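Here is a set of questions on how the labels attached to a model follow from its values. Each reply sets a value against a cut-off and concludes.

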Amino acid sequence: MSTDVLPAVLADLRSGLHRGVVVDSPPGAGKSTLVVRAAAELAAGGDPLIVVAQTNEQVDDLVVRLADAVPDATIGRLAAQDYQAPARIRDRPAVRVGRKLAELPGCGIVIGTAAKWATVGDRVWPWAIVDEAYQMRSDMLLRIANLFDRALFVGDPGQLDPFSTVDIDRWTGLTWDPMQSAVAVLLSHHPTMPVHRLPVSWRLPPTAAPVVARAFYPFAGFEAGTVAGQRHLEFTARASGTASAGPLDATVDLAADRGWALYELPARHAVRTDGQAAAACAELALRVLERGTVAYSERDPAGVPVTADRIAIGAAHRDQVAAIRSVLGTAGDGITVDTANRLQGREYDVTVVLHPLSGRRDASAFHLESGRLCVLASRHRHACLVVARAGIPELLDAHPSTEPVHLNVPVKFPDGWEAHQATMSHLERLRIRAVS
């Protein structure tokens, strides 16, 4: 659907009436495809442009995709001094890597992280494209705004906001609050700036798109780009049949059939690195491998094996990630295990999620953050298996949302408390209880 939106986006950008255009994208809506096609179209006009991303991995992904989409263009990869180009960058002769702009002469498109662009100040480009703009802090945008005349800002409003490890209350409500996202500041200062939306997710299946849209995108819904029956999972190995593996296999079977499954552990207040929950996440991911799962989809109608690199386990904290990796051991080599922050923007066939509120005594602002759960629940193309201790709805009822309301701070939608309630309401109908 991004190909339908692109002409209108470029028309607004080229009209000269606005310094920027915003494109909101739900998970898997073709945001990267839009960025690549927009860059190719602008570069085809003969004007040089820059592309800004937030991490080195995002930059490298865009470099590769642009090199494939525009094989005749010379693409510059602006990098830090200690950057080591991966093979996928080194193997493309049309890509040049430079630590300074002077090392990238003749490059019509130059791509780098926002942090690297903030060190450049001696040139102005007619165009810029900012990827993952909702994850860019407003102070970073201020540092690079002098580099371009007009910009296209593309991002997902439902994902995690910029975050900090230091206290940020001192800036709350101020117009120059550095922790606001770049898009939030843009739209507050330029309310007439055009905002386009991508209405279709090509990642989430029909079993997931309505759930994620209702919980996390209540005012800008979207639908799945595929229809029921186009994707399904099959198994080439039988379930083990043992009592201990029975609930695990039942959870995998339910997720394959319905797109979701909740593996519910007994209610208990647990430490953050809950050993039983970590083991359940690892065992579910391994069962997907051991069952010889095959994924059928519009991309692969004949089916392809769901290998380890197509499975991810997501959690809220790094120590939880370490605990799950420890349980996986060598049997889980290739399975991605990471936090929501690092899984953002990535895609897998099957995901296993340790619910942020599992085993907790309270519902803190960090664990109620809607963007964190949104990321964890929207990485899959086929199925998402959620691991949680019983009692989350009761925990939410006992801790209603009491975040203070600050002057001059727009209310964020959706509310994290409501998003968690909506998600659990769906999952409770797809529950498999673990053996006590």
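**From values to labels**

Q: What is the strand order of the open sheet of three strands, and how do the strands pair?
A: The order is S11-S13-S14, and the pairing is antiparallel. This is a predicted model.

Q: What makes S11 and S14 the edges of that sheet?
A: Strand S11 (232-235) and strand S14 (304-305) each have a single partner strand, so one side of each is left without a neighbour in the sheet.

Q: How do you know that S13 and S14 are paired?
A: Pairing takes at least two bridges between two strands. Strand S13 (residues 293-296) and S14 are joined by two bridges and run antiparallel. The requirement is therefore met. One contact to look up is Val294, whose bridge partner in S14 is Pro305.

Q: Why is Arg77 called buried?
A: The label needs a relative accessible area under 20%. Arg77 has 1%, so the label applies. Arg77 sits in strand S3 (residues 75-78). Leaving out residues up to four places away in sequence, Arg77 touches eleven listed neighbours, among them Asn56, Asp60, Tyr83, Arg96 and Ile111.

Q: What links S3 to S5?
A: Three bridges join them, and the two strands run parallel. Ile75 stands opposite Ile109 in S5.

Q: How do you know that strand S5 is covered on both faces?
A: Look at each side in turn. Ile109, Ile111 and Thr113 are buried on one side, and Val110 and Gly112 are buried on the other. That fits the count for S5 (residues 109-113): five of its five residues are buried.

Q: What makes S2 and S5 a pair?
A: Strand S2 (residues 49-53) and S5 share five bridges in the parallel sense. At least two are required, so they pair. Ile50 has Val110 in S5 as its bridge partner.

Q: Why is Val21 called buried?
A: Its relative accessible area is 0%, and the cut-off is under 20%, so Val21 is buried. Val21 lies in strand S1 (residues 20-24). Beyond residues up to four places away in sequence, Val21 touches Val9, Leu13, Phe153, Met193 and His196, among others.

Q: What C-alpha separation do Val21 and Val183 have?
A: Their C-alpha atoms are separated by 9.9 Å, while the two residues are 162 residues apart along the chain.

Q: Why is Glu132 called buried?
A: Glu132 has a relative accessible area of 7%. The limit is under 20%, so the label holds. Glu132 lies in the loop between strand S6 (125-131) and helix H6 (138-144). Its phi is near 50 degrees, a positive value in a residue other than glycine.

Q: Which residues lie nearest the centre of the second largest pocket?
A: Glu132 is one of them, with Gln58, Gln344, Gly345 and Arg346. The lining holds 45 residues. The pocket has about 1500 Å³ of space.

Q: What makes up that lining?
A: Twelve residues are nonpolar, 16 are polar and 17 are charged. Helices H2 (31-44), H3 (56-69), H5 (114-117) and H12 (340-343) each supply at least two lining residues. H3 gives the most, with six.

Q: What makes helix H8 mostly covered?
A: Six of the eight residues of H8 (residues 209-216) are buried. They are Ala209, Val211, Val212, Ala213, Ala215 and Phe216. These buried residues pack against strand S10 (223-224), strand S12 (260-265), helix H14 (370-376) and helix H16 (416-427).

Q: How do you know that S15 and S16 are paired?
A: Strand S15 (residues 311-315) and S16 run parallel and are joined by four bridges. At least two are needed, so they pair. Ala315 has Thr339 in S16 as its bridge partner. In S16 (residues 336-339), Thr336 and Asp338 point one way, Val337 and Thr339 point the other way, and all are buried.

Q: Where does the domain label on residues 306-389 come from?
A: It comes from a UniProt annotation in an unreviewed entry, which reads "domain: DNA2/NAM7 helicase-like C-terminal". The span is 31% helix and 31% strand, and its end C-alpha atoms lie 27 Å apart.

Methods. Residues are numbered from 1 along each chain as its sequence is written. This is a predicted model: local features need pLDDT of at least 70, side-chain atom pairs count only at pLDDT 80 or more; totals for chains, interfaces and linings use all residues. Side-chain values use heavy atoms; hydrogens and water are left out. Buried means under 20% relative accessible area, exposed over 50%, partly exposed in between (1.4 Å probe, protein chains only). Contact means heavy atoms within 4.5 Å. On a 1 Å grid over the protein atoms alone, a cavity is a set of points where a 1.4 Å probe fits but cannot get out, and a pocket is an open set with protein on both sides within 12 Å along at least five of seven lines; lining residues have an atom within 4 Å of a point. Grid points are joined across faces, edges and corners, and a volume is the space filled by probe spheres set on the points. Ala, Val, Leu, Ile, Met, Phe, Trp, Tyr, Cys and Pro count as nonpolar, Asp, Glu, Lys and Arg as charged, and the others, Gly among them, as polar. UniProt positions are given in the numbering used here, feature names are shortened, and annotations may be inferred rather than shown by experiment.
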